[in-house]
Amino acid sequence: MRLARRSAAPLALGSLFIAGAIVSAACGGDDGAGGPPPIATSSTRDAGARDSGTLVPVETEASAGAMTFEGRLTATEPVPFGGAPYCEYTMKLEDIVIEVAALESGEIIGATVKDRAVEAAPPPCPHPPMTPSAQSFSLTTVTPSASGSTLAFVGATTNRPETSLVVELVRVGVTYEAAAEWKRTDQTPPLVWTVKATLTLTTE
């Protein structure tokens, strides 16, 4: 049963190949590659069954008293990666949407994240960047932290490139602050990047 949502207010909140080693210097990912494994945390509570892009409550009965908090960000700042012996690249994430379901007690019972990965390769790189790619992530575990909760996610099998995601969630009055960190997992340095963003999640 999908949660009854209250509409949320939008808020702001680098490749040369090594012969025979890498088919694509920056894109790296294979369209059919599987998503990254869940991020290891100290939590003993699994957040429940979910699918990619759809928030699914853990406990149907309890979820009746839950609210959905949502935050949006148009784009992050480009993050550089790559370099010798590869081209210089940048990665930014666009159209970010973070959605979290919480009970009145503050217990997090569901969450999803969506974004679009946009890679760029300034000239004179002879290898084009990957085309923009939609990504979605589903919650796997919730771990209590000193200031709130650490949310670990697993990416959909269609995500390109393969990316891990962890969100530090803190309650601030009637809103939540979500500090998200995405990291590429299907390459090794210098083709690995980390993108960070903080969004305010609200509900009417």
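## An all-strand protein, element by element

In the hairpin of β3 and β4, five residues lie between the strands, and G106 takes a positive phi near 100°. That turn belongs to a predicted model. This report starts at strand β3, then turns to the disulfide and the salt bridges.

**Overall makeup**

The protein has nine strands and zero helices. Read along the sequence, the pattern is β-β-β-β-β-β-β-β-β. There are 204 residues, and buried residues make up 48% of them. The accessible surface comes to about 9600 Å². Carbon and sulfur atoms account for 57% of that surface.

**Strand β3 and its partners**

Strand β3 covers residues 88–102. How many of its 15 residues are buried? Eleven are, so the strand is largely enclosed by the rest of the structure. Buried here means a relative accessible area under 20%.

Three pairings of β3 can be followed in the model: with β1, with β2 and with β4.

Take β1 to begin with. Strand β1 spans residues 67–75. It runs antiparallel to β3, and eight bridges join the two. One point of contact is F69, which stands opposite V100 in β3.

Next comes β2, residues 79–82. It also pairs with β3 in the antiparallel sense, over four bridges. P80 has T90 as its bridge partner in β3. G82 stands opposite E88 in β3. β2 and β3 form a hairpin, with five residues between the strands. Which residue in that turn has a positive phi? It is G83, at about 105°.

Then there is β4, residues 108–120. Eleven bridges join it to β3, again antiparallel. I98 of this pairing stands opposite V113 in β4. The β3 and β4 hairpin is the one that opened this report, with G106 as its residue of positive phi.

One general point helps when viewing these strands. In a regular strand, side chains alternate between the two faces of the sheet.

**The disulfide**

The structure holds one disulfide. It joins C87 to C125, with an S to S distance of 2.1 Å. Where do the two cysteines lie? C87 is in the loop between β2 and β3, while C125 is in the loop between β4 and β5 (133–144), so the pair ties together parts that are 38 residues apart in sequence. A disulfide is a covalent bond between the sulfur atoms of two cysteines. The torsion about the S-S bond of C87 and C125 is about 90°, so this disulfide is right-handed. Are the two cysteines buried or exposed? Both C87 and C125 are buried.

**Salt bridges**

How many salt bridges does the whole structure hold? A search finds six. Three pairs are listed here with their distances.

| Residue pair | N to O distance |
|---|---|
| E70 and R72 | 2.9 Å |
| E181 and K196 | 3.7 Å |
| D186 and R184 | 2.6 Å |

The partners can be described by how much of each is accessible. In the pair of E70 and R72, E70 is buried, with a relative accessible area of 4%. R72 is partly exposed, at 39%.

Now the pair of E181 and K196, whose side chains meet in a salt bridge. This pair links distant parts of the chain, 15 residues apart. E181 sits in strand β8 (residues 175–184), and K196 sits in strand β9 (residues 194–201). E181 is partly exposed, with a relative accessible area of 36%. K196 is exposed, at 59%.

In the third pair, D186 forms a salt bridge with R184. D186 is partly exposed, at 21% relative accessibility. R184 is buried, with a relative accessible area of 2%.

Salt bridges also form a network here. Which residues does it link? They are K92, E94, D95 and R116.

**Bringing it together**

Strand β3 is largely enclosed, with eleven of its 15 residues buried. It is joined by eight bridges to β1, by four to β2 and by eleven to β4. The C87 and C125 disulfide ties the loop between β2 and β3 to the loop between β4 and β5. Elsewhere, the E181 and K196 pair links β8 with β9.

Note on methods:
Residues numbered from 1 in each chain as written. Predicted model: local features only at pLDDT ≥ 70, side-chain atom pairs only at ≥ 80, totals over all residues. Heavy atoms only, no water. Buried < 20%, exposed > 50% of the residue type's maximum accessible area, 1.4 Å probe, protein only. Areas by Shrake-Rupley, 256 points an atom, 1.4 Å probe, with all protein chains shown as cover. Salt bridge = Lys/Arg side-chain N within 4 Å of Asp/Glu carboxyl O. Pairing = 2+ DSSP bridges. Disulfide = S-S within 2.5 Å.
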